[in-house]
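Here's a quick briefing on one residue and the helices around it. Have a look at the sequence and model first, then read on.

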Amino acid sequence: MEEDQQNPILKEGFLVKRGHVVHNWKARWFVLKPDKLLYYKYDGGKRDSCQRGRIMLTDCKISCPFLEYDNRPLVFKLQTKSSAEYFLEACSREERDQWAADIGAAVEKLRPADSPTPSQSKTTGHRSLQLHNVSLNQVVDSMYDVHSGIKLTSHNEQGNSYSNCFSGSAVVDWLVFNQLALTRVEAVTLSSAVLEEGFLRPVGLRSVEAQRSHGLSEQFLDDSTALYSFSENFKKRGSVKAETSLSAMELSGKVLKRGYLLKQDDISPVGGFSLRGCLVSALDDNGVPSGVKGKVQGNLLKIITQFDTHYYIQAPSKQEKMDWIEAIRGQS
């Protein structure tokens, strides 16, 4: 009991971890303690009692976001004092950032009182962001780069479809990861300047309203539901990462009525997957999650199978979503 009080659990939950030898991704249950991060096998909705590994946090370095995996934008990286690297994936940007913040707070508490923090060493040098020393043209050129720039995708906002755009949080992630800004606050400041100079334009109700009603420092939103795109003048250089296919809504003409109807053609299932050992969680209703294709938003749940296959499923209502999650957990 005394040991538990001295080494309490600060946070726990499941993350998807990349293997060290075989680089496959498997769900693990993580337990954050003041000096270490423990992880366990998570099977059948239960945490295995046998510890699978530990990550010591003394002098640990955190990279969040870590965007080197194109199809996994929710990864963050831990590098230990011995240079061992761990790649962990969360279910949402909010969850990823919260894990990184909680782990970072634990790391800071382990640091000797007379030791400068990484944030102090960065901000006291010449790397602190000064907009008058930043070439916005170079920033936007980098954002537009075919190999390493921001990926353009389709999004859905309140029933409207937008193609070849990106969210505000994706821009902030990209700027921080590419070290064009040191913090998310600096990234928002830089993004606001890019927006003010006309390199970017707001797309959708959320971002348009923010630009119309807020001051310069608050016009750009670090939010997965605020959408932006490159300006039309900038696109004349040639689109490098634009989607080439039109969405179904764009091809369908004027929409006269929309809604859900049930149609029965065949009672045979068109697909399926095993729930044995799977993980299921509810996703926040704050835009289309990364990794989801199509025009879906709201009442989403995510299922990760024991083979690390990810499924996103949309329920017709919040109550239906919670009922499905409870039923799936009862079978997994």
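Ser191 counts as buried, because its relative accessibility is 2% and the cut-off for buried is under 20%. Keep in mind that this is a predicted model. Ser191 belongs to helix α6, which covers residues 184-196, so-called home base for the points below.

**Around Ser191**
- The Ser191 side chain reaches back to the backbone oxygen of Ala187, at 2.8 Å.
- Leaving aside residues up to four places away in sequence, Ser191 touches Val171, Leu175 and Phe220.
- Val171 and Leu175 turn up again further down, as α5 residues that meet α4.

**How α4 sits against α6**
- Two packed helices are described by the angle between their axes and the distance between the axes.
- For α4 (residues 136-143) and α6, the axes come within 11 Å and cross at roughly 100°.
- That crossing makes α4 roughly perpendicular to α6, because angles of 65 to 115 degrees count that way.
- On the α4 side, Leu136, Val139 and Val140 make the contact, and on the α6 side Leu190, Ala193 and Val194 do.
- Sorted by class, this contact of α4 with α6 has six nonpolar residues, with no polar and no charged ones.

**How α4 sits against α5**
- The axes of α4 and α5 (residues 168-177) come within 12 Å, crossing at roughly 105°.
- So α4 is roughly perpendicular to α5.
- Here Val139, Ser142 and Met143 of α4 meet Val171, Trp174 and Leu175 of α5.
- The class split for the contact of α4 with α5 is five nonpolar, one polar and no charged.

**The buried side of α4**
- Which residues of α4 are buried? They are Leu136, Val139, Val140 and Met143.
- These residues sit on the same side of α4, because they cover an arc of only 90° around the axis.
- An α-helix has 3.6 residues a turn, so residues three or four places apart point the same way.
- Of that buried set, Leu136, Val139 and Val140 are in the contact with α6, while Val139 and Met143 are in the contact with α5.

**The whole chain**
- The chain has 11 helices and 14 strands.
- Out of its 332 residues, 41% count as buried.
- Taking contacts between residues at least 6 apart in sequence, 55% join residues at least 24 apart.

Methods: Residues numbered from 1 in each chain as written. Predicted model: local features only at pLDDT ≥ 70, side-chain atom pairs only at ≥ 80, totals over all residues. Heavy atoms only, no water. Helix = DSSP H or I, 4+ residues; strand = E, 2+ residues; numbered from the N terminus. Buried < 20%, exposed > 50% of the residue type's maximum accessible area, 1.4 Å probe, protein only. Polar contact = N/O pair within 3.5 Å; in protein donor to acceptor, adjacent residues only side chain to side chain. Contact = heavy atoms within 4.5 Å. Axes fitted to C-alpha atoms, helices over the stretch in contact; angles between N-to-C directions. Parallel < 35°, antiparallel > 145°, perpendicular 65-115°, else oblique. Nonpolar A, V, L, I, M, F, W, Y, C, P; charged D, E, K, R; others polar. Arc of directions from axis to C-beta.
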